[in-house]
Amino acid sequence: MFKKHSLKLATVIGAFALLNLSCLAEEASKVAVKKPAKGEKMDDLWGDSVVKLRATDAKRGQLFDDGNYAMFIHWGLYSTLGNKVDGKTYYGIGEWIMNSNMAGIPIPEYKKLANDFNPVNFDAMAVAQLAKDAGMKYIIITSKHHDGFAMYHSKADKFNIVDATPFGRDPMKDLAKACKEVGIGFGFYYSHNQDWTFPGGGRGPKKGADGIPASFDDYFQKKCLPQVKEITSEYGQIEIVWFDTPGDMPKKYVEELIEVVRKNQPNALVSGRAGHGLGDYQSLGDMEVPHHNVEGLWESVDTTNDSWAYAWYDENWKTPKQVLGLLVSCVGRGGTYMLNIGPRGDGSVPQRAADALRGSGEWIRRYPQVVYGAGPSPWHHGLPWGDVTTRGNKLHLAVFEWPRGGELHLPGLKNKIKSAKLLTGKESSVEIEHKKASGWSVFSLPVAAPDKLVSVIEVELEGEPDVDPCFAIDPVVSTEILAEFSDVSGAQLKRNRWMEKFGEWKHVNQVVNWQPGGAATWEVDVLIPGDYKVALNYTGKGRLVWKVAIQGGEAIQNQQNASSVFHDYKIGWINFPKPGRYKVGASCIEGDAQSAALKGIKFTPLN
Ligand code: H79
């Protein structure tokens, strides 16, 4: 399921990886809701410490070598509430509804929800078919989330969908079978450290019903370990055990769980969030899609709207085009994308989520080569009009923003081009003309985009792709270059993340701590000389004065307002007098520079 992209990229992207790690260490978190509990590290909320690839991983991932797109499902008792408790709506991730930052539901009250949990509209075949239609290669579903309720028949603990609800059936049996029938893989999410209702579980009650203190070991031996044995032995072959949030769980417990998985499911992968670097692959932060290629086996997990579990108000859906943008970005960066749906308490799937998945799935059926088994982009980052994935000597240019003027500009490609074809999504394709200009490849295109979502150009090269990944200013489409790609002096690049709503994470790498003379500097390549509009994307307080200067060339400066939300601020026009390489620096030179956080710079051609 994971693309094992070529390790020869390692040296080039190593620099980015290092940058990422050093930023992690200095992470500035803006979590406003609650300070972490004692012993909780804010820079490792998900326990996704870097996982080293082991030789055996290749074998385990083998079955799904080309399955780099998957369905995540958050479904549990919490889904019956849909974020509304006693008539009040709580905004944030639905599966956390019990938590004191949300509705703060006492354990006995929460357990009572099971009495009315009757998901008669859960149609396992329809869900499996939806994943299949979406082009997803496997499903990972919550067998037990932090609330401790098992969505399958557990003999280890009665707080489960068979023993504690009027439904009285095991829907996971149906789903495992349905996945097999439609020909996709199946696996379980299991919250191994947190259990908010079982004595001794992470963030759970500290005493049993008898008033006797319970330890984590009690929880582990009585519930966690037996349940992991159950989910790995009673549902046929499973592809992944997706452990989450290990917190400060001791290593010996993680080792024991992994031993169980290895014994019962020798081909299954274990998520990086098992903890202690013992998983098989790295799971990035919740809802985090990286901007530069990432080495090794990794995945991004994300959701079709804002919440993982069903939330009645959450109609903020990703469109099919957005889904494709995120998927192609993940594949282009060398990883896997797992996208979540949150069925309602009655088991039904919100129609708009299904529509978004089917809409993007139809596109994937037209251009499967862009996704499945595709390698990462030799540019190591997205391009102004879209992104690139590869297969051997072929590039797939996925054009999300069709350029006006009938030409697409591809910078830095050193190979000779054998052929360039505009794919039609059918057997046929249209050969297109191309030429070289100042190191750029320029493709002639029809005026209108042939595909209503994302058009694809397949470029066959002489030899393996050989690319200069320098950032280049597109002559037609706006080019945004992130601060994380700049050389920073007299300031600091820091990783920041915050919760937009409770549990809805946003991630940004920003330049902060501006000192006098400090600058973020990018090297850029220009094809068409002339004036370009420059905008900076930043947060800050009050009016800030920014300077944008081309080394040895024009410098412009301007005062603009600032706010606490990242936003593009226009600085002015700047001139690149001839084609070629330039160094462009941005500096905060007046105002509350200590408040300024720069996310990126944008160049827009005038015409
Ligand atoms: O299942 C989804 C989330 O419920 C789960 N991971 C995805 C896939 C997840 N659990 N925890 N986290 C993600 C990290 C959350 C951390 C926080 Fe907090 C919760 C930050 C603020 C509230 C814990 C409590 C850390 C600080 C206070």
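Guide: Strands are DSSP runs (E) of at least two residues, and helices are DSSP runs (H or I) of at least four, both numbered from the N terminus. The model discussed here is predicted.

Visitor: In which loop is the place of His-74?
Guide: The strands on either side are β2, residues 69–73, and β3, residues 84–85. His-74 therefore belongs to no strand run under the DSSP assignment. Its place is in the loop between β2 and β3.

Visitor: Is His-74 buried or exposed?
Guide: The relative accessible area of His-74 is 3%. Buried means under 20%. His-74 therefore counts as buried.

Visitor: With which side chain does the side chain of His-74 make a polar contact?
Guide: His-74 touches several residues beyond four places away in sequence, including Glu-95, His-145, Trp-308 and Asn-340. One of these pairs is also a polar contact between side chains, at 2.9 Å. The partner of His-74 in this contact is Asn-340.

Visitor: Which of the 20 residues around the ligand come nearest?
Guide: His-74 has a side-chain N or O atom 2.6 Å from an oxygen atom of the ligand. A polar side-chain atom of Glu-95 is also 2.6 Å from an oxygen atom of the ligand. The residues that come nearest are His-74, Glu-95, His-145, His-146 and Asp-244.

Visitor: How far from a nitrogen atom of the ligand is an N or O atom in the side chain of His-146?
Guide: His-146 is among the residues that come nearest to the ligand. Its side chain places an N or O atom by a ligand nitrogen, at a distance of 2.9 Å.

Visitor: How do the residues of the shell around the ligand divide, and from which domains does the shell draw at least three residues?
Guide: The shell divides into ten nonpolar, four polar and six charged residues. At least three residues come from each of two domains: domain 1 (10–22 + 45–370) and domain 3 (479–605).

Visitor: Which residues have the most contacts inside the largest nonpolar core?
Guide: In soluble globular proteins, nonpolar side chains tend to be buried together. Here the largest nonpolar core has 121 residues. Those with the most contacts inside it are Met-71, Ile-97, Ile-139, Leu-175 and Trp-363.

Visitor: Which helix gives the most to this core?
Guide: The contributor in question spans residues 216–233 and gives seven residues to the core. It is helix α6.

Visitor: How many residues are in the other core, apart from this one?
Guide: Among the members of the other core are Ile-473, Val-524, Val-526 and Phe-603. The size of this core is 37 residues.

Visitor: Which side chain does a polar contact of 3.0 Å join to that of Asp-451?
Guide: Asp-451 has its place in the loop between β18 (440–444) and β19 (455–461), and it is buried at a relative accessible area of 7%. Beyond four places away in sequence, Asp-451 touches Trp-363, Arg-366 and Tyr-367. The 3.0 Å polar contact joins its side chain to that of Arg-366.

Visitor: Which residue has its backbone nitrogen 2.8 Å from a polar atom of the side chain of Asp-474?
Guide: Asp-474 is placed in the loop between β20 (471–473) and β21 (479–482), and its relative accessible area of 3% makes it buried. Its contacts beyond four places in sequence include Trp-385, His-409 and Tyr-532. The backbone nitrogen at 2.8 Å from its side chain is that of Val-476.

Visitor: How far apart in space, C-alpha to C-alpha, are Asp-474 and Leu-408?
Guide: In sequence, Asp-474 and Leu-408 are 66 residues apart. In space, C-alpha to C-alpha, their separation is 9.0 Å.

Visitor: What is phi of Asp-86 near?
Guide: Most residues other than glycine have a negative phi. Asp-86, in the loop between β3 and β4 (88–89), has a positive value. At 81% relative accessibility this residue counts as exposed. Phi of Asp-86 is near 50 degrees.

Visitor: Is Asn-513 buried, exposed or partly exposed?
Guide: Asn-513 lies in the loop between β24 (505–512) and β25 (519–526), and its phi is positive, near 55 degrees. Its relative accessible area is 24%. Because buried means under 20% and exposed over 50%, Asn-513 is partly exposed.

Visitor: What percentage of the 607 residues in the protein chain do buried residues make up?
Guide: The protein chain has ten helices and 31 strands. Of its 607 residues, the buried share is 59%.

Methods. Residues are numbered from 1 along each chain as its sequence is written. This is a predicted model: local features need pLDDT of at least 70, side-chain atom pairs count only at pLDDT 80 or more; totals for chains, interfaces and linings use all residues. Side-chain values use heavy atoms; hydrogens and water are left out. A nonpolar core is a set of buried Ala, Val, Leu, Ile, Met, Phe, Trp, Tyr and Cys residues joined through side-chain atoms within 4.5 Å. Buried means under 20% relative accessible area, exposed over 50%, partly exposed in between (1.4 Å probe, protein chains only). A residue is near a molecule or strand if one of its heavy atoms lies within 4 Å of it. A polar contact is a pair of N or O atoms within 3.5 Å; within protein, one must be able to donate a hydrogen and the other to accept it, and residues adjacent in sequence count only if both atoms are side-chain atoms. Ala, Val, Leu, Ile, Met, Phe, Trp, Tyr, Cys and Pro count as nonpolar, Asp, Glu, Lys and Arg as charged, and the others, Gly among them, as polar. Domain bounds come from an automatic or database domain assignment. Contact means heavy atoms within 4.5 Å.
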